[in-house]
Each structure stands twice: as C-alpha cells, then as structure tokens.
Amino acid sequence: MPKKAKPAGTGKEEGPGPCKQLKVEAAGGPSTLNFDSPSGLFESLISPIKTETFFKEFWEQKPLLIQRDDPAVATYYQSLFKLSDLKSLCSRGMYYGRDINVCRCVNGKKKVLNKDGKVHFLQLRKDFVQKRATIQFHQPQRFKDELWRIQEKLECYFGSLVGSNVYITPAGSQGLPPHYDDVEVFILQLEGEKHWRLYHPTVPLAREYSVEAEDRIGRPAHEFTLKPGDLLYFPRGTIHQADTPPGLAHSTHVTISTYQNNSWGDFLLDTISGLVFDTAKEDLAFRAGIPRQLLLVETTAVATRRLSAFLRKLADRLEGTSELLSADMKKDFVMNRLPPYCVGDGAELSTPGGACHLLGGQLPRLDSTVRLQFKDHIVLTLGPDQDRSDETQEKMVYIYHSLKNRREKHMMGNEETESYGLRFPLSHVDALKQIWNSSAISVKDLRLTTDEEKESLVLSLWTECLIQVV
C-alpha cells in the first residue's frame with residue numbers, strides 16, 4: 001500500500017463477466033488495484049486518500065499529489081506501458097496523427113515532428129534520441145489489456161467516458177508548452193521521473209483546451225517531481241507543464257482523463273429539448289407562433305419577457321417530473337465507452353447469445369427466474385418513438401448497452417460507432433424496472449398483461465446478453 005500522501009497544495013514536492021476473468025495479474029507482477037467493483041478500483045487507485053475526502057476536498061477544486069515509496073506499486077505501474085512496448089505496437093500498424101504524435105516544446109511553443117503515414121519504430125527511436133522529442137501514444141487501452149481493465153472500471157464508476165494518453169519524454173526535454181485541458185486528469189508515473197509545475201487556473205473548470213503564454217501564468221503554485229508509483233490529480237482548467245530532468249533516464253507517464261462535456265450545463269442542454277417537447281404537446285402557448293420578423297431583428301424586451309415566462313413554466317414542470325428525456329448524453333456515453341473487460345478479443349459478445357452461452361445460461365421461459373447482468377454497461381431511458389414524427393408521437397423505453405462495442409475504436413473520435421440495444425412500448429417500463437431493481441425475479445411475476453409479453457420481453461433481453469437464468 002502507499003506509504004505517504006499529501007495534497008499538492010503544500011507547494012513542495014459487479015455481475016458476472018462476459019468471459020473468464022484474469023486472475024488479477026499483470027505482466028510486471030500482481031496488481032496493486034482492487035478490481036472487485038468500480039468503487040473498489042477507484043478507492044485503491046487514490047489510496048491512502050479516502051474517496052469521501054477526495055470528492056469533498058479535491059475533485060473539481062484543487063490538485064492532489066500522492067507520492068508512494070512502494071516497490072510493488074512502482075512495478076505494477078511500470079507494467080502498464082513501457083518505452084520498449086513501442087516496437088511491438090509499431091509492428092501492428094500505427095499511424096502518425098491517429099495513433100502517435102512526435103513533438104517537442106521549443107521556446108514555449110509546441111513543435112510537431114510527425115512524418116506522413118505509418119510509423120516505423122527505427123525512425124521513431126531516432127527522433128526520440130537525436131531530436132529529444134516526446135512520443136505521445138493515443139488511447140493505449142485499445143492495445144494494452146491492463147489499461148482497458150482499469151479504464152472500463154473507471155467508466156462504470158464515473159458514468160463518463162475515460163480516455164488516456166501515454167507520454168514518453170527523453171532526459172532534459174519537454175514535450176508540451178504550458179496549457180490547460182477540458183478534462184479531469186489523473187497522472188500515473190510509470191517509468192523514470194517527471195518534473196511538474198502547476199499554476200492557478202485562468203479559466204476554472206474550463207470547457208476547452210488552451211495553451212497559455214509563460215508571461216501570463218506567473219509563478220507555479222505547486223512544483224514537484226513524480227517517480228514510478230506516484231499519482232497526480234488536477235481539475236480541468238489547471239495550467240500545467242512537465243519536463244524530464246536532465247541527466248536521468250527517460251520518463252513515461254499515462255494521463256487518464258474523464259468528465260469532458262459532462263457538466264450541469266451539458267446535462268441541461270441534453271434534457272431541455274425533451275422537456276420542451278412534452279410541454280408543447282400540452283400547452284397551447286408553447287405552440288403559438290413567434291412575432292413576425294423576430295428572426296430579422298434584435299431580440300426585443302417583449303420576446304425576452306416571454307421566454308422568461310416559458311422558462312419559469314418549464315422549471316415548474318420539471319419539479320414534478322420523475323423521468324427526464326435524455327436527448328443524446330446517455331446514448332453517446334454507451335455507444336462510445338469500452339466493452340466489458342475480458343480475456344481474449346471479446347468476439348463472443350458479437351454473436352447473439354454468445355456470452356449467455358458461455359455463462360451456461362439457458363433460454364428463459366415463463367417459469368424461469370432471471371437476473372440482470374452487466375448492469376454497469378446498460379442504460380435505460382425514455383424517448384420519443386424514432387419511427388414516427390407526427391404530433392401523436394409516443395414515448396418508448398430504450399435500452400442501450402456497450403457489450404458489443406469495439407475496444408479498438410474507443411475514444412478515437414472520427415471512428416464510426418453504432419448503438420446496440422432494444423426498445424419497448426412504454427407499457428413495459430414497470431416490468432423492466434422490476435428486473436433492474438431486483439437481484440433476481442420470476443418471469444411470471446413481471447408486471448405485464450399477458451404471459452406472451454413476459455416471455456417475449458425476457459427473451460429479447462437474453463438475446464442481447466443482458467439477463468441470465470438463475
């Protein structure tokens with residue numbers, strides 16, 4: 001376990017898996033993290049800081065530095081990604097820009113040294129040694145199993161996408177100029193040492209990435225050196241820069257990031273459209289036309305007062321609403337997150353019923369007892385019937401899951417992704433909630449009108465590997 005921890009403010013230094021799980025071992029030795037549950041994983045990641053303390057005192061507020069003098073943690077961290085891993089990774093077909101960036105900070109500016117096309121290891125090594133360039137490897141969880149394992153659990157814990165980048169910097173060099181990010185950042189030091197300087201944010205909880213000039217940011221608020229096994233957290237908007245001290249070996253660290261576009265403002269934008277849609281169906285005032293030529297002139301005081309009144313009506317309606325319609329956030333999260341961690345390539349989950357078969361589950365019937373599985377990888381949400389666009393459009397229950405997501409596309413931005421899931425009539429919502437909220441339930445006890453509906457519901461869920469017979 002970690003032996004010491006201190007805030008950087010000192011200014012000094014769940015359900016069964018889709019296939020057989022690993023034995024909590026990493027290439028470099030036994031894991032020092034707890035993979036029994038998402039909360040257990042996060043607690044062990046920031047140990048010895050307690051989770052309650054972290055969210056009360058540090059999350060979105062100030063940096064946290066955890067320095068560990070523990071060979072077991074250092075060895076485990078070193079196994080997550082090493083400079084020597086690049087040779088085998090390049091042989092799998094890595095490309096500049098998409099998978100790898102080569103860069104160096106020169107006179108306070110980022111100089112990109114990428115070549116065109118495929119990355120060749122010997123050229124990459126040459127730029128690293130001769131040009132003292134930093135190698136940035138994008139989203140290594142696509143290829144490194146243990147990072148997949150960590151980030152999948154963190155996505156379950158945060159309910160938000162979790163990406164990562166590895167930075168490998170030679171001695172006496174710096175890869176990036178001072179900047180801030182639009183994500184919450186956890187730095188794990190894997191190899192060598194990295195000298196960090198953090199500055200007070202100019203834009204707290206920033207919503208975009210930005211480079212900051214040295215003459216604007218003043219003196220560092222915190223300055224320290226990370227060694228293998230150490231962890232650093234800082235909120236989005238925190239200005240930072242890092243370099244590898246001269247005369248030492250290269251430094252490797254992984255930046256694990258989350259909570260991009262995951263604010264109350266984003267959630268409000270996501271839910272307000274559904275709230276307006278529902279209200280307009282019942283309130284004639286919302287369906288009345290705007291004044292002539294309003295779009296051609298500056299917004300008038302009358303229009304502003306009218307909008308204010310509408311917003312007050314929406315707020316009143318929201319107070320009595322138990323089910324919010326999510327337009328995109330829930331679906332986007334599930335579509336783009338990692339699939340459940342398992343040994344192998346996860347191909348079993350691409351075949352209907354494949355994972356259910358692996359788990360020994362038989363077809364559910366009326367006399368069966370069933371339970372939900374992969375609950376952390378499923379969202380249940382209400383939305384309009386996407387096959388209808390008329391004013392009689394009814395709500396449907398949508399179930400989205402990430403069981404068939406492709407790991408190699410995770411956080412790659414322009415890669416095409418598709419959603420997996422089911423939809424049911426609104427009349428099925430109570431039965432679905434019974435399954436969601438029970439450790440196990442008899443099919444015949446589901447709140448549906450006919451036995452055929454009950455059997456059809458559980459068969460649909462079983463086909464998607466979302467339930468198993470117990």
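Let's start with a charge meeting a ring: Arg 149 lies over the face of Phe 35, 3.7 Å from the ring centre. This is a predicted model, and aromatic rings are the theme of this briefing. The structure holds 26 aromatic pairs, and we will look at two of them up close.

**Charges over rings**
- Besides Arg 149, which sits 3.7 Å from the ring centre of Phe 35, there is a lysine to find.
- The charged end of Lys 144 sits over the ring of Phe 81, at 5.8 Å from its centre.

**The pair Phe 55 and Tyr 157**
- Phe 55 and Tyr 157 form a tilted aromatic pair, with 6.3 Å from centre to centre and 40° between the planes.
- This pair links distant parts of the chain, since Phe 55 belongs to helix H2 (residues 51–57) and Tyr 157 to helix H6 (residues 145–158), 102 residues apart.
- Phe 55 has a relative accessible area of 30%, so it counts as partly exposed.
- Tyr 157 is partly exposed too, because its relative accessible area is 24%.

**The pair Phe 286 and Phe 310**
- Phe 286 and Phe 310 also form a tilted pair, with 4.5 Å between centres and 50° between the planes.
- Here, too, distant parts of the chain are linked: Phe 286 is in helix H9 (residues 284–287) and Phe 310 in helix H10 (residues 301–319), 24 residues apart.
- Phe 286 is buried, with a relative accessible area of 18%.
- Phe 310 likewise counts as buried, at 18% relative accessibility.

**A cluster of rings**
- Ring pairs join Phe 42, Phe 54, Phe 55, Trp 59, Tyr 157, Phe 158, Phe 186, Tyr 233 and Tyr 259 into a cluster.
- You have already met two of its members, Phe 55 and Tyr 157.

Key: Residues numbered from 1 in each chain as written. Predicted model: local features only at pLDDT ≥ 70, side-chain atom pairs only at ≥ 80, totals over all residues. Heavy atoms only, no water. Phe/Tyr/Trp six-rings, centres within 6.5 Å; stacked < 30°, edge-to-face > 60°. Helix = DSSP H or I, 4+ residues; strand = E, 2+ residues; numbered from the N terminus. Buried < 20%, exposed > 50% of the residue type's maximum accessible area, 1.4 Å probe, protein only. Lys NZ or Arg CZ within 6 Å of the ring centre and 35° of its normal.
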